[in-house]
Amino acid sequence: MVVGSSTNADGVNRATVWRGPDAGTFSTLGTLSGDAGEQSNATGVSASGDVVVGVSDSPIGPQAFRWTSAGMVGLGDFSTPDDDTSFSRATGVSADGNVVIGQARLGDALMRGFAQQAGFGDLVDARPKVLLALGADEVDFTRFPDALKVYIGHHGDMGAHAAPARAASILSG
């Protein structure tokens, strides 16, 4: 099985699956919004071929997706009400199709890795006791009211306010 993208007659790229010469032709997977002008690209596939992941245009911008025979599901991003420049993209999937890995860019233009089974909403739904934020400035920390927030970053970073206590180490030289 091969996944990637193909260009249709209108010049639009769509996530595409090819299951081999015995299975017939290429199959396109569509987009998250279903808009004819939007694009998508498949970047990973499970061992059985039942799960495909990638990135698709969506109403919130480029977004990681997980596709099964039931259809394409968006995995979200880290957008905040003040900044909608974030995006996510899935780059791989586990052999059993249960864990998606990829990247997300927050508004600060830094890429962050992620590995979530059902997207970023899993982090909120899991109600973590500890949230380790490595320079994650654009995360809405209010979505984690019961978590101990540990922020590691620069003292001027926007996310530093989320930590309940602050410590600084300044090296000279």
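1. In this predicted model, the bridge partner that Ser6 finds in strand S2 is Arg14. That pairing belongs to a longer register, since S1 and S2, the latter covering residues 13-18, are joined in the antiparallel sense over 6 bridges.

2. The two strands are part of an open sheet of 3 strands, ordered S1-S2-S3, in which the pairing is antiparallel. Its edges are formed by S1 (2-7) and S3 (27-28), each of which pairs on one side only.

3. As for aromatic contacts, the count comes to 1 aromatic pair. The pair is made by Trp18 and Phe26, whose rings lie 6.3 Å apart centre to centre with 35° between the planes, an arrangement classed as tilted. The label follows from the angle, because planes under 30 degrees apart would count as stacked and those over 60 as edge-to-face.

4. The accessibility of the two partners deserves a separate remark: Trp18 counts as partly exposed because its relative accessibility is 30%, whereas Phe26, with a relative accessible area of 56%, is exposed. The cut-off relevant to Phe26 is that exposed means over 50%.

5. Turning to the protein chain as a whole, there are 1 helix and 12 strands, and reading along the sequence gives the pattern β-β-β-β-β-β-β-β-β-β-α-β-β.

6. Of the 173 residues in the protein chain, 39% are buried, and the accessible surface comes to about 9800 Å², with 54% of that area belonging to carbon and sulfur atoms. Among contacts between residues at least 6 apart in sequence, 35% join residues at least 24 apart.

Terms used. Residues are numbered from 1 along each chain as its sequence is written. This is a predicted model: local features need pLDDT of at least 70, side-chain atom pairs count only at pLDDT 80 or more; totals for chains, interfaces and linings use all residues. Side-chain values use heavy atoms; hydrogens and water are left out. Two strands pair if DSSP finds at least two bridges between them. Helices (H or I, at least four residues) and strands (E, at least two) are DSSP runs, numbered from the N terminus. Buried means under 20% relative accessible area, exposed over 50%, partly exposed in between (1.4 Å probe, protein chains only). Contact means heavy atoms within 4.5 Å. Accessible areas come from the Shrake-Rupley method with a 1.4 Å probe; for residues, only the protein chains shown count as cover. Rings of Phe, Tyr and Trp (its six-membered ring) pair if their centres lie within 6.5 Å; planes under 30 degrees apart count as stacked, over 60 as edge-to-face and the rest as tilted.
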